[in-house]
Structures are given as structure tokens and as C-alpha cells.
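Dear colleague,

I am passing on the structure we spoke about, and below it you will find my notes on what turned up when I went through it. Please read them with the model open beside you.

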Amino acid sequence: MIIDCHTHVNNYHNENVESLQRCMDDLLLAMRRNRVDIALVLTSYKVTAGRPSTRDVVKITAEMPNVFVVAGISYNAFTVDQLPEIRDYIQHGWVRGLKLYPGYEPFYPNDPKCEPIYRLAAETNVPVMLHSGDTFTPKGKLKYSHPLHVDEAAVDFPDVNFVICHLGSPWFRDCMEVVYKNKNVYTDLSGLVLGDFTDRFESYMRKQLQEMLVYGVEPDKVLFGTDWPISSMESYIEFIDELSIPEKDRKKILYQNSAQLFHFPANDDQGGIGALLQKLR
Ligand SMILES: [Zn+2]
């Protein structure tokens with residue numbers, strides 16, 4: 001069983017915008033081809049022709065048994081009156097987490113403006129995913145997306161689970177330390193490549209991840225995510241398959257940790273996935 005905790009349905013090449021339905025069809029196809037059972041779609045911090053709103057993505061996924069939403073929130077545009085709608089989506093089980101984009105927007109994760117967002121996360125027991133590390137656009141500001149800044153938010157909000165996205169790439173060690181030190185901080189593997197891994201980069205990344213686990217980061221704190229369609233699901237599955245880690249840890253990374261964090265019943269015993277999908281919603 002596989003849960004991809006980090007996908008998007010944004011159009012990253014805005015010349016010809018594809019419809020949301022078409023993006024969703026592509027996602028479902030990629031999931032089927034790669035035996036991904038559940039995907040979380042992270043909505044953007046901005047809404048444009050190529051970046052659908054949380055409301056639109058919730059609408060299209062509400063009847064899907066295997067696709068769920070992580071609600072992107074814009075730091076710049078945030079006001080507390082946006083929270084009741086998000087709370088409602090969480091209570092329906094449509095939204096499973098919140099996502100903030102430090103670096104893409106100029107703020108640190110410990111910014112006081114984020115407090116009501118963290119309080120909602122604590123109240124509804126959903127994790128807050130934080131963009132971390134390199135930005136897809138050169139307009140991003142890296143000082144805000146350094147993984148070390150997650151530490152302060154994690155300490156001040158011990159009731160909130162945080163996910164440092166992209167292993168904090170390229171600040172793997174800083175990410176590793178923040179995850180190691182704080183029991184409420186996790187990290188996802190998404191977005192380490194544009195497209196497919198090259199052999200050399202893949203072995204470099206494998207080394208980083210092994211080092212992290214040797215250093216003392218529990219395999220319980222690492223989540224499988226791809227950043228599809230920016231990264232290919234296929235090369236990610238291969239990457240995980242070829243990691244030299246115990247099978248029980250691979251299962252944790254591939255689905256058990258995400259099942260726990262995002263509240264999916266995880267059971268890979270006989271009939272597990274059927275039972276899982278029946279139980280959802
Ligand atoms: Zn992403």
C-alpha cells in the first residue's frame with residue numbers, strides 16, 4: 001500500500017491551462033500506474049486560472065474515495081474569516097491538513113499571523129505542512145524557507161504536528177535536526193527532482209536519507225510524497241524500492257506514517273485496501 005502525501009493539480013506551465021478535471025484524470029492515471037492507493041492534493045497559496053482554489057478541489061474530490069485535500073493558505077491574503085470554511089471541510093474529512101508556503105511568501109513559520117491557523121490545526125488534529133528549502137521560482141526568498149525556522153513554531157505549538165516538505169532540500173542536516181529534536185515534526189520526501197532522478201543524484205539522495213535514519217531520525221517521521229506532477233511518481237517508487245532499509249521501515253515511510261498523521265485507517269492485511277476504501281467517508 002502507498003500513500004502519496006504531496007501532489008498538486010496546478011498548471012506549472014501557464015501557456016495552455018488544462019482544466020481541473022483533466023489534471024485530476026492525469027493524477028488518477030499516475031496513481032493507477034504506480035499502485036498509489038491514496039493521494040493528498042495540496043492546493044496553492046494563490047488562486048489563478050492554472051491554480052484551482054481549495055473549494056474547487058474539494059468539490060471535485062469530495063466523491064473520490066482515494067484523493068483528499070491539504071488546504072493551501074496564503075500568508076499574504078490570510079484573514080481569520082477564511083477558517084470556518086476550512087474547518088467545515090476538515091470536519092467532513094475532505095481536507096486532511098493545512099499547507100503554508102514560507103519562501104514563496106515572505107514570512108517565517110513562527111510569524112504571529114500564523115497563530116490562528118495553528119490553533120485550527122490543533123483543534124481539528126490535522127498536520128500543518130510547510131514548504132521548505134529551494135523554491136521553484138527564483139522570486140522565492142530562501143531565508144524564510146530554511147527548515148531551522150520550523151523549530152520555533154514546533155516548540156511554541158506542541159499540539160500541532162508539522163511536516164517539513166522536501167527534506168528541507170538542500171538543508172538536509174538542518175531538517176534532520178529539527179525532525180530529530182521535536183516529536184511533533186515530520187518530513188516528506190517530495191520534490192527532490194524535476195521529473196526523474198538521474199543516477200548520480202538518486203544515489204546522493206539515498207545517502208542523505210540513510211544518513212538521516214542513522215543519525216537518529218525515527219523512520220516514523222518520514223513520509224512518502226512525490227510533488228507530482230513536478231516529480232515523477234514512477235522514479236520515486238523506484239527510489240524507495242532501492243533504499244537499503246528494513247521492510248518494516250519502508251512500510252512506515254510508504255503509508256503507515258501518513259495513515260496515522262492524516263487519519264486514514266492503515267491495514268495492509270488481506271482485504272486491507274478494500275476495507276480501507278469502504279471505511280473512508
Ligand atoms: Zn509541492
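**An aromatic pair and its cluster**

At 38% relative accessibility, Tyr204 counts as partly exposed, and I begin there although this is a predicted model, to be read with that in mind. Tyr204 forms an aromatic pair with Phe172, edge-to-face in geometry, with 6.2 Å from centre to centre and 70° between the planes. The two partners come from distant parts of the chain, since Phe172 belongs to helix 6 (residues 172-181) and Tyr204 to helix 7 (residues 199-215), 32 residues apart. Phe172, for its part, is buried, with a relative accessible area of 6%, so the pair joins a buried ring to a partly exposed one.

The structure holds 17 aromatic pairs, and ring pairs link Phe172 and Tyr204 into a cluster with Phe197, Phe201, Phe224, Tyr236 and Phe239. Of these, Phe201 also lies in helix 7 and is partly exposed, at a relative accessible area of 28%. Once neighbours within four places in sequence are left aside, Phe201 is in contact with Leu192 and Val193. Between Phe201 and Tyr118 there are 35 Å in space, C-alpha to C-alpha, and 83 residues in sequence.

**The nonpolar core**

Tyr118 leads to the largest nonpolar core, which has 93 residues, and in which Leu27, Leu98, Leu100, Tyr118, Val128, Phe162 and Phe262 touch the most other members. Helix 1 (residues 20-33) gives the most to this core, with 7 residues. In soluble globular proteins, nonpolar side chains tend to be buried together. To give one member in detail, Phe162 touches Tyr118, Val128, Leu130, Val150, Ala153, Ala154, Phe157, Asn184, Val185 and Tyr186, where residues up to four places away in sequence are not counted.

Which residues of helix 2 (residues 54-61) are buried? They are Thr54, Val57, Val58 and Thr61, and because they cover an arc of only 100° around the axis, they lie on the same side of helix 2. What these buried residues pack against is helix 1, strand 2 (38-42), strand 3 (67-72), helix 3 (83-91) and strand 4 (95-100).

**The zinc site**

The zinc ion is coordinated at 2.1 Å by His6 and His8, each through NE2, and by Asp227 through OD. Along the chain, these donors follow the spacing H-x1-H-x218-D. Both histidines fall under the 20% relative accessible area that separates buried from partly exposed residues: His6 is buried with a relative accessible area of 0%, and His8 counts as buried at 4%.

**Charges over rings**

Two lysines deserve a look for their placement over tyrosine rings. Lys113 lies over the face of Tyr75, at 4.7 Å from the ring centre, while the charged end of Lys221 sits over the ring of Tyr186, 5.7 Å from its centre. Tyr186 has already appeared above, as one of the residues that Phe162 touches.

**Backbone details to check**

The loop between strand 6 (162-164) and helix 6 contains Pro170, which is joined to Ser169 by a cis peptide bond with omega of about 10°. His166 is found in that loop as well, and its phi is near 60°, a positive value in a residue other than glycine. Leu167 has its place there too, with a phi near 50° that is likewise positive in a residue other than glycine. Are these two residues buried or exposed? His166 counts as buried at 7% relative accessibility, and Leu167 counts as buried at 2%.

A further cis peptide bond runs from Trp228 to Pro229, with omega near 5°, and Pro229 is found in the loop between strand 8 (222-223) and helix 8 (233-241). In sequence, Trp228 directly follows Asp227, which is one of the residues that coordinate the zinc ion.

With best wishes

How values were computed
Residues are numbered from 1 along each chain as its sequence is written. This is a predicted model: local features need pLDDT of at least 70, side-chain atom pairs count only at pLDDT 80 or more; totals for chains, interfaces and linings use all residues. Side-chain values use heavy atoms; hydrogens and water are left out. A nonpolar core is a set of buried Ala, Val, Leu, Ile, Met, Phe, Trp, Tyr and Cys residues joined through side-chain atoms within 4.5 Å. Buried means under 20% relative accessible area, exposed over 50%, partly exposed in between (1.4 Å probe, protein chains only). Helices (H or I, at least four residues) and strands (E, at least two) are DSSP runs, numbered from the N terminus. Contact means heavy atoms within 4.5 Å. Rings of Phe, Tyr and Trp (its six-membered ring) pair if their centres lie within 6.5 Å; planes under 30 degrees apart count as stacked, over 60 as edge-to-face and the rest as tilted. A charge sits over a ring if NZ of Lys or CZ of Arg is within 6 Å of the ring centre and within 35 degrees of the ring normal. Donors are N, O and S atoms within 2.8 Å of the metal (3.2 Å for Na, K and Ca); water is not among the atoms, so sites may look incomplete. The arc is that of the directions from the helix axis to the C-beta atoms.
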